[in-house]
Amino acid sequence: MAEPLLLDEQIRANKRRTVVIVALMLLILGLVVAAAGLLLGLPLPIAFVFAGVAALIYFLISAGSGVPAVLRATQAREPNVSVREEKLLVYRVEELAIAAGLPKPRVYIQDSKDINAFAAGRSPKEAIVCVTTGALAQLNQEELEGVLAHELSHVKNYDVRLATYTIAVVGIIAILSEIVFRVMWYGGRHGGGGRGRGGGPAQLIMIVLAVALLILAPLISRMVYLAMSRRREYLADASGAYMTRNPEGLASALEKILHDLPDDPKGSKTVAALYIANPWKRALRDSVWSTHPPLERRIQLLRGPGAGVEPRRRLIDAA
Amino acid sequence: MALLTWLIVGGVVALLLIFFVTYYNRFVRAANRIDNAWAQIDVQLKRRTDLIPNLVETVKGYAKHEREVLENVTKARTAVMGAKTPQEAMDADNMLTGALKTLFAVSENYPQLKANTNFLQLQDELTHTENKISFARQFFNDSVLAYNNAIQQFPGTLFAGLYGRKSRAMLTVPEAERAVPKVAFA
């Protein structure tokens with residue numbers, strides 16, 4: 001009983017960290033809006049109303065990243081149950097849905113020689129799980145179960161929804177700073193613009209700080225988003241291992257993925273973060289710019305004492 | 001002054017009421033989850049017992065001499081169907097799993113049986129229901145754990161006593177199930 005409890009604690013710690021990261025994102029967004037307001041000479045309430053409207057529009061646009069769009073981008077197809085491998089895949093998904101206490105997700109197959117899998121859908125009800133034919137051919141049932149448990153953990157933890165929203169915040173921050181710099185550029189050329197009220201050195205310092213913030217915020221928010229993405233991968237590994245009570249299944253699958261270099265990626269790079277391992281590249285080191293933690297690290301954690309335990313890390317695992 | 005007293009009294013009463021309702025609902029939710037988890041196990045047990053006669057018939061056609069193995073499977077199936085409590089049903093199901101493992105191990109000796117598509121399909125489906133049962137049992141136990149935590153932790157335990165909520169038992173698995181069955185090959 002000791003091991004599941006350990007995992008249980010790790011899952012809780014991971015969730016706490018996600019809350020901190022999301023709070024940090026919102027804080028950055030708030031600061032960016034305030035800085036934009038200052039530089040454009042807008043009163044704060046008006047700046048926030050503008051940002052709110054922009055956010056709303058952005059969310060509506062990102063609704064296009066729903067399940068049908070992902071299926072189209074990845075060229076996924078429905079499984080053919082007369083093929084034994086694909087029938088067994090559907091069986092394994094049904095079984096794990098019971099373990100996770102989730103409604104049965106729809107199953108899809110992507111024809112690719114690479115070993116990979118992903119989940120999509122912003123709620124468990126509309127969730128789908130997709131596995132490559134390469135995974136079906138090269139993973140045994142235990143390993144497949146580990147991979148599927150990882151994917152169902154993403155569904156259970158609402159990771160797709162979280163990713164959609166945080167990507168939206170990153171996008172809004174990028175757009176906001178872009179807009180401010182354009183306006184200032186043109187405003188500057190046409191003499192003064194909206195902030196010609198003068199002011200002392202305090203005002204100047206504020207403006208310099210605001211400009212610095214607007215330059216750094218898009219980078220920082222992207223780094224924070226990626227840190228969160230990696231954190232959710234560790235979390236999905238740990239809760240997947242808890243779900244199957246068998247960390248070795250997933251560890252062994254990740255090992256096979258590690259040795260199977262990606263050479264047949266399908267779909268678009270925007271869905272890279274969805275996969276169990278990035279289909280385009282394998283992170284060898286823990287980089288600030290990768291969507292997934294390095295596979296070796298994940299395997300090591302799954303096989304370590306108290307399987308799935310993650311290392312103690314700083315909030316943003318910067319190099 | 002009187003107004004302030006009334007406000008305080010009213011606030012305390014409202015707070016107590018919220019506590020009573022919240023805990024009542026929390027216990028009901030947790031208990032329903034357990035019942036639902038059991039219902040899932042029950043459905044799968046039924047499905048499993050439905051598959052057995054078909055399997056026995058198929059195997060009989062190829063392996064007439066394995067009477068004892070087949071009888072054990074049938075006996076375990078009857079035990080599952082006659083179980084009166086969840087734990088009894090689980091014990092009988094464990095017996096059935098053991099008997100089936102022996103049957104599938106023995107079937108390795110009959111190449112024609114192994115090549116039979118009907119047999120293969122039954123084997124896949126029986127494994128499928130067995131996996132579902134064991135995950136459902138795991139979910140059942142997780143649900144019992146959550147329920148027991150809710151009624152044993154403070155201050156939930158105060159309300160649990162009031163509502164007459166008692167700890168529930170988890171479904172236990174005998175150690176033997178985890179071990180690989182020993183089958184002597186002739």
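Biologist: What pattern does chain A follow along the sequence?
Modeller: Reading along the sequence, chain A goes α-α-α-α-β-β-β-α-α-α-α-α-α. Keep in mind that this is a predicted model.

Biologist: And how many helices and strands does that come to?
Modeller: Chain A has 10 helices and 3 strands.

Biologist: Take strand S1 of chain A, then. Why is it said to be largely enclosed?
Modeller: S1 covers residues 106-110, and 4 of its 5 residues are buried, so the rest of the structure largely encloses it.

Biologist: Which strand is S1(A) joined to, and how many bridges are there?
Modeller: S1(A) is joined by 5 bridges to strand S3 of chain A, residues 128-132, and the two run parallel. Within that pair, Tyr108(A) stands opposite Cys130(A) of S3(A).

Biologist: What else does Cys130(A) touch?
Modeller: Leaving out residues up to four places away in sequence, Cys130(A) touches Tyr108(A) along with Thr74(A), Ala76(A), Ile109(A), Gln110(A), Ala117(A) and Phe118(A). Cys130(A) is also listed with Leu96(A), Val129(A), Val147(A) and Leu152(A) as having the most contacts inside the largest nonpolar core, which has 83 residues.

Biologist: How many residues are in the other core?
Modeller: That core, apart from the largest, has 25 residues, including Ile28(A), Val32(A), Leu38(A) and Leu226(A).

Biologist: What share of chain A counts as buried?
Modeller: Of its 319 residues, 41% do.

Biologist: New topic: how many residues does each chain bring to the contact between chain A and chain B?
Modeller: Chain A gives 8 residues and chain B gives 9. The chain A side divides into 5 nonpolar, 1 polar and 2 charged residues.

Note on methods. Residues are numbered from 1 along each chain as its sequence is written. Chains are lettered from A and ligands numbered from 1 in the order in which they are written. This is a predicted model: local features need pLDDT of at least 70, side-chain atom pairs count only at pLDDT 80 or more; totals for chains, interfaces and linings use all residues. Two residues are in contact if their C-beta atoms, placed from the backbone, lie within 7 Å. Ala, Val, Leu, Ile, Met, Phe, Trp, Tyr, Cys and Pro count as nonpolar, Asp, Glu, Lys and Arg as charged, and the others, Gly among them, as polar. Helices (H or I, at least four residues) and strands (E, at least two) are DSSP runs, numbered from the N terminus. A residue is buried if 20 or more other C-beta atoms lie within 10 Å of its own, exposed if 12 or fewer, and partly exposed in between; C-beta atoms are placed from the backbone. A nonpolar core is a set of buried Ala, Val, Leu, Ile, Met, Phe, Trp, Tyr and Cys residues joined through C-beta atoms within 7 Å. Two strands pair if DSSP finds at least two bridges between them.
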